[in-house]
Amino acid sequence: MSALLQVRNLKTYFYTDAGVIKAVDGISYHLQEGETLGLVGESGCGKSVSALSILRLIPNPPGRIVDGEVMFEGRDLLRMTEDEVRGIRGNRIAMIFQEPMTSLNPVLTIGFQIGEALELHRQLNKEEAREEVIRLLQRVGIPDPDRRLDDYPHQFSGGMRQRVMIAMALSCNPKLLIADEPTTAVDVTIQAQLLEIIKELTSRLGTAVILITHNLGVVARYVNRMAVMYAGRIVESGPAVKVYGHPRHPYTIGLLASVPRLDQPRKKRLIPIDGQPPNLIHLPAGCYFFPRCSYRLNRCSYESPELTPLDSEHLVACFAETTV
Amino acid sequence: MMKENVTKAYSNERGRVREVFRRLFKRVTALIGLIIVLIFFVSALLAPLLSPHDPLEHSLAHKLANPSWEYPLGRDELGRCILSRIIYGARISLLIGVIVISIGVLVGVPFGVVSAYYGGKVDFVIQRFVDTMLAFPGILLALMLIAMLGVGLHNVMIAVGISTIPVYARLARSSVLAIKARQYVEAARSIGSSHSRIIIKHLVPNSLSPIIVQSTLHMATAILWAAGLGFLGLGVNPPTPEWGAMLNGGRLYIRVASHVATFPGLMIFITVLGFNLLGDGLRDALDPRLKT
């Protein structure tokens, strides 16, 4: 079975006055049709940039995709013309952003904004688009859709706006949905509702999902496979059950230990990871996690570990993996 | 049921326009501004019907006559009806305002939007050009252009219009710069919108309210400038009634017959105030975020 999306050695750098920021530094992963992949890591580790790179939405200047390929349905998105990519955006690959408060245009009605993708990619006329928008709003659980589509974004709460964004993203039945921290900006009760909606609709449409998050609880519940990113690289990837249950990279272990779990005694202390993530302009010579790692070996300081398979699915980039 | 919704959509379209007016009417100052502006427009359009006398008919026997029932605002230095001349003068002022703003907005805004959206070299070239134009005081630039083009109403309008272009280019650029970094622009790109679609549907409408406000305020400035140039004798040729020229004509008699200069000056003041109040009110009414 060939993968729906195959990212190989993707490198996205930002050229600033202070130096070159290696936001994404050679990552590779793949995604099967209908599969959900969780992209996990702390702020600034390159999760969002790697997702924006897929659709070539990196602001240039200062950003540039310097190397790699992104094969989607057998074609390299990075080598397409601007017009071809435009035909894919919103149509075959859609995106949901982190901030529902700012990702809708305040002076246009939500009906117009959802209808935009329909007009662009499905050539519906005004009336057809309107009926379709009502249907979409119904699907994401917005009450009274035939009235609410003439409302402006400010008349919706954060959770409702994110539902609008989901409706917009799924309007053209995309093959791939990139959800960039879709629940970070809304409160906990709404988070669960939104994730359920995304899960239900994408599984009904057979849409594959890349779920970017720093919430490990979300990962455990909603993704098939996960990839853990650190300083622009993937340090561990594999089926969510394996990575979550038996993490093999010191960073993944640290991440999981720093999150409270319901199945552990309440008195148990959380263990933070010491230190700060590295400066992406002046990266350490060897393993990027070396300065903070409690399992480090001598060679970690000058040699950078490759992502190597432990079994057919579980990959980890660590020299000390056997001792972990 | 679906058919009903569709027809409702079109009535909602009209409903939005009505909504803007409703909010405009709720503010007393905006309403006053609107009334002044409407009176101004009506008197400009219906001047022949509204004016009690021929604005050009003179009578030296009655020069500088005080206001009376027949001549409510009195007569000027050539015995012409001041009220009629003011009503006819509104035509010139309206024409100047509309042409000047049109030149400024239609040329300035596209340059500003393109400059901000594409950035880089395009932005650099356009902005250095704008800087050069802004370096001159507006009235000086207009005077210079009149010196090149020659005296006359058309040239005054073109000159003042050109000198407002950099203002609109800057204004449009700055509001687009603020907007283009917003996530909804990125979201629009992520659904496959083209550059031109993003500019027309997302950037221009969101940057429009400062431009609308600026243009109503500019309407006031343009009338003032035209009056100023008329005062200097660079605008319309006598005997065409024009507020600035009338002010200039009455200047000599300010001690003996103050009404000759006072009424045209008052008209300029009230009209400018009206446009300012309307501009302010429009800014609030057009912003859907302030909707209550």
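**Group meeting talk: chains A and B**

Okay, let's start with chain B, which has 11 helices and zero strands. Before I go on, please keep in mind that this is a predicted model.

So what pattern does chain B follow, read along the sequence? If you trace it, you get α-α-α-α-α-α-α-α-α-α-α. As for dimensions, take the principal axes, and the C-alpha atoms of chain B fill a box of roughly 75 × 55 × 25 Å. Chain B has 292 residues, and 41% of them are buried. Now look at its contacts between residues at least 6 apart in sequence: 69% of those join residues at least 24 apart.

Let me zoom in on one pair of helices in there. Find α4 of chain B, residues 82-118, and then α7 of chain B, residues 153-180. How do they meet? Their axes come within 6 Å, and they cross at roughly 35°. The crossing of α4(B) past α7(B) is right-handed. And what sort of residues make up that contact, by nonpolar, polar and charged? We get 23 nonpolar, six polar and three charged ones where α4(B) touches α7(B).

Right, over to chain A. Here I'd like you to look for an open sheet, made of four strands. Going across it, the order is β2-β1-β4-β5 in chain A, and the pairing is antiparallel. Which strands sit at the edges? Those are β2, residues 19-31, and β5, residues 75-76, both in chain A, and each of them pairs on one side only.

Further in, have a look at β1, residues 5-16, and β4, residues 63-72, of chain A. These two run antiparallel, with eight bridges joining them. If you want one spot to click on, try Arg8(A): its bridge partner in β4(A) is Glu69(A).

Last stop, the place where the chains meet. How many residues are in contact here? On the chain B side there are 21, and they touch 30 residues of chain A. Three elements of chain B each give two or more residues to that side: α1 (2-26), α8 (183-190) and α9 (195-231). Which one gives the most? That's α8(B), with six residues. And if you sort the chain B side that touches chain A by residue type, you find eight nonpolar, nine polar and four charged.

That's the tour, so let's rotate the model and take questions.

How values were computed
Residues numbered from 1 in each chain as written. Chains lettered and ligands numbered in written order. Predicted model: local features only at pLDDT ≥ 70, side-chain atom pairs only at ≥ 80, totals over all residues. Contact = placed C-beta atoms within 7 Å. Nonpolar A, V, L, I, M, F, W, Y, C, P; charged D, E, K, R; others polar. Pairing = 2+ DSSP bridges. Buried ≥ 20, exposed ≤ 12 C-beta atoms within 10 Å, placed from the backbone. Axes fitted to C-alpha atoms, helices over the stretch in contact; angles between N-to-C directions. Left-handed = near helix turned anticlockwise from the far one by under 90°.
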